[in-house]
Amino acid sequence: MNAVAQALEPGPVRLAELMAALSMATDLAMGQPMENAMASCVVATRLAEAVRADPATLRDTYYLALLRYIGCNADVEWFASIAGDELAIRREAALIDFADGTALLAMTLRSIRRAQAGAGTLATVRAMVRSLAQLPQLRASYFPGHCEVAGRLAERMGFGDSFVQCVRQLYARWDGQGVPPVKGDAVRLPMQLVSLAQDAVNFHSAGGLDAVVRMARERSGKAHSPRLATLLAEHAGELLAGLDAAPLWQQVLDLEPGSPAVLDGRTLDRALEAMGDFADLKSPHHLGHSRRVSELGFRAAKQLGLAEEEALLVRRAGWLHDIGRVGVSATLALIRGPLPDRQREEMRLHPYHTERILARCEALAAVGRIAAMHHERLDGCGYAKGLKGAMIPTAARVLAAADRYCALTEPRPHRGALAEPDAAAALMQEVNAGGLDARCAQAVLVAAGHRPPRAGSPLPGGLTEREREVLAHLARGGTIKQVARGMGLSAKTVDRHAQNIYAKLGVSTRAAATLFAVEHGLL
């Protein structure tokens, strides 16, 4: 059965399968090998069973281990701009105690030096001064933004309040030195269990059981609960046994607490849309991109006369097509002009990552294969596999044309957004050059006709049109002063608009406001 036929007749999708797939995306975003979160899930669930956690706590622990970092893409391009390659930093930070200011400072300075390699001593020192001046924002807004975004995405995926409250304690510590600054048993038990399990997995990979026991004893009463740290130190061998003995995917599915939860079509689509937003938060230049590709591709598929089921395939592939970009360093978006060879090859891997993230979820594997073809071209000049001609199914051709049109009409680091007529002309040039399918491109252009909003239509959240404009600028990464200059307003006026926006939306960070803007098509 070919990819399209499999995708049109998917089996039921278990929540555990979808979240395990998403966990592989968060692994990539955190600079970790795929299956790191799944290994943490196994250990955290064993810890929960060892302390005889009630069924609700056990279930929250299981899913929290898979989804702890679903907010980690918020403001990540800003972070990369001040500290360098965020993936490398996150790999190194996995073994560092976040209360150890000296270790964190040393790690940050090493990263800045790497980012400034070849720039000269004076330029490097200036970069360090600029970066260190902005580090207080990590605790003030960067980490809180991750927590807020994680909570919102969890809500959209259908999780209840207890889980949402857990995931909003993303960086909490037993000693109260984390974010949010709760301490002791105010840190919810699932977060206590998951935080300890994740450290155990990371130290086990780095140094074996001895390293795990040493970590548990050193961090007892600091990052972790003394009771749980003692349990881990005394039973590390049992708790970490068998992580390499069998495929972790199956181990995780077998551990799902209670009866397997199965997603219906509508619930599945909400979760896939949220996954697309998670991917797009990686860069201000891609905010809302997956939503636009999904909707435009769906309308183009209908324009072509494709069956409803195949149009739905394009829509779902559109939401997921860029999820592999989470494994590409945000520093690439900071490069103005053509990417150097090494960085270009790194970027060209993102469709491969997309396919691998979805490959093990049997019901979505075929959707993943279509999603991974969005950069393939009919003449064989695309990537990541260099497919050509009949090897690219119609659904993937529609997706490729929709993705390209949307990209052309969006700003990128090296260029501004093209006007729609210019984007259409550029799209047809690629058709004439043999890269894109003519019928699919024509359908995309017909589907891209814009209709003005009805006069007087209220904006989401009770925002005014001016507030929507300010929010759009802020979401794209502009500072208060930059937005003020761009809009011809005073900084004080823009700041007042920003405070009104936060109050109306019920958020306290730009990251959460940005997600609201994406969710409601305000960009």
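## Exercises on a predicted model

In this predicted model, the count of salt bridges comes to 28. The exercises below work through some of these pairs, then turn to single residues, one helix and the chain overall.

**Exercise 1.** Find the salt-bridge partner of Glu35 and state where the two residues lie.

Solution.
- Step 1. A pair qualifies when a side-chain nitrogen of Lys or Arg is within 4 Å of a carboxyl oxygen of Asp or Glu.
- Step 2. Glu35 pairs with Arg360, and their closest N and O atoms are 2.3 Å apart.
- Step 3. The pair links distant parts of the chain, 325 residues apart. Glu35 sits in the loop between helix H2 (15-29) and helix H3 (36-50), and Arg360 in the loop between helix H18 (350-359) and helix H19 (365-371).
- Step 4. Arg360 has a relative accessible area of 32%, so Arg360 is partly exposed.

**Exercise 2.** Describe the salt bridge between Arg156 and Asp277, including the helices involved and whether the two residues are buried or exposed.

Solution.
- Step 1. The N to O distance between the two side chains is 2.8 Å.
- Step 2. Arg156 belongs to helix H9 (residues 136-156) and Asp277 to helix H14 (residues 265-280), so the salt bridge ties together parts that are 121 residues apart in sequence.
- Step 3. Arg156 and Asp277 are both buried.

**Exercise 3.** Carry out the analysis for Arg316 and Asp269, then list the salt-bridge network that contains Arg156 and Asp277.

Solution.
- Step 1. The closest N and O atoms of Arg316 and Asp269 are 2.7 Å apart, and the two form a salt bridge.
- Step 2. Because Arg316 is in helix H16 (residues 308-320) and Asp269 in helix H14, the pair ties together parts that are 47 residues apart in sequence.
- Step 3. Arg316 has 9% relative accessibility and therefore counts as buried. Asp269, with a relative accessible area of 17%, is buried.
- Step 4. Through shared partners, salt bridges join Arg152, Glu155, Arg156, Glu273, Asp277, Arg291 and Glu519 into one network.

**Exercise 4.** Check the length of H14 against the expected span, and identify its buried residues.

Solution.
- Step 1. H14 has 16 residues and, at 1.5 Å a residue, should span 22 Å. Its end C-alpha atoms are 23 Å apart, which agrees.
- Step 2. The buried residues of H14 include Leu268, Asp269, Ala271, Leu272, Ala274 and Met275. Gly276, Asp277, Phe278, Ala279 and Asp280 are also buried.
- Step 3. At the start of the helix, a side-chain oxygen of Asp264 comes to within 3.3 Å of the backbone nitrogen of Arg266.

**Exercise 5.** Characterise the surroundings of Glu256.

Solution.
- Step 1. Glu256 is located in the loop between helix H13 (248-255) and strand S2 (262-263).
- Step 2. Its relative accessible area is 8%; the threshold for buried is under 20%, so Glu256 is buried.
- Step 3. The Glu256 side chain makes a polar contact with the side chain of Tyr63 at 3.2 Å. It also reaches the backbone nitrogen of Ala261 at 3.1 Å.
- Step 4. Leaving out residues up to four places away in sequence, Glu256 touches Arg14, Ala16, Arg59, Tyr62, Tyr63 and Ala261.

**Exercise 6.** For Cys406 and for His353, give the helix, the burial class and the contacts.

Solution.
- Step 1. Cys406 is part of helix H20 (residues 394-408). At 4% relative accessibility, Cys406 counts as buried.
- Step 2. Beyond its neighbours within four places in sequence, Cys406 is in contact with His289, Arg292, Val293 and Leu296. Its C-alpha atom is separated by 9.3 Å from that of Ala448, 42 residues apart along the chain.
- Step 3. His353 is in helix H18, and its relative accessible area of 14% makes His353 buried.
- Step 4. Not counting residues up to four places away in sequence, His353 touches Leu28, Met34 and Gly324.

**Exercise 7.** Test whether the radius of gyration of the chain agrees with that of a compact globule, and summarise the fold.

Solution.
- Step 1. For 523 residues, a compact globule would have a radius of gyration near 24 Å; the chain has 23 Å, which agrees.
- Step 2. The C-alpha trace spans about 65 × 60 × 50 Å along its principal axes.
- Step 3. The secondary structure comes to 26 helices and two strands.
- Step 4. Of the 523 residues, 56% are buried. Among contacts between residues at least 6 apart in sequence, 70% join residues at least 24 apart.
- Step 5. The accessible surface comes to about 21,900 Å², and 53% of it belongs to carbon and sulfur atoms.

Key:
Residues are numbered from 1 along each chain as its sequence is written. This is a predicted model: local features need pLDDT of at least 70, side-chain atom pairs count only at pLDDT 80 or more; totals for chains, interfaces and linings use all residues. Side-chain values use heavy atoms; hydrogens and water are left out. Helices (H or I, at least four residues) and strands (E, at least two) are DSSP runs, numbered from the N terminus. Buried means under 20% relative accessible area, exposed over 50%, partly exposed in between (1.4 Å probe, protein chains only). Contact means heavy atoms within 4.5 Å. A polar contact is a pair of N or O atoms within 3.5 Å; within protein, one must be able to donate a hydrogen and the other to accept it, and residues adjacent in sequence count only if both atoms are side-chain atoms. The expected span of a helix is 1.5 Å times one less than its number of residues. The radius of gyration is taken over C-alpha atoms; the globule rule is 2.2 Å times the number of residues to the power 0.38. Accessible areas come from the Shrake-Rupley method with a 1.4 Å probe; for residues, only the protein chains shown count as cover.
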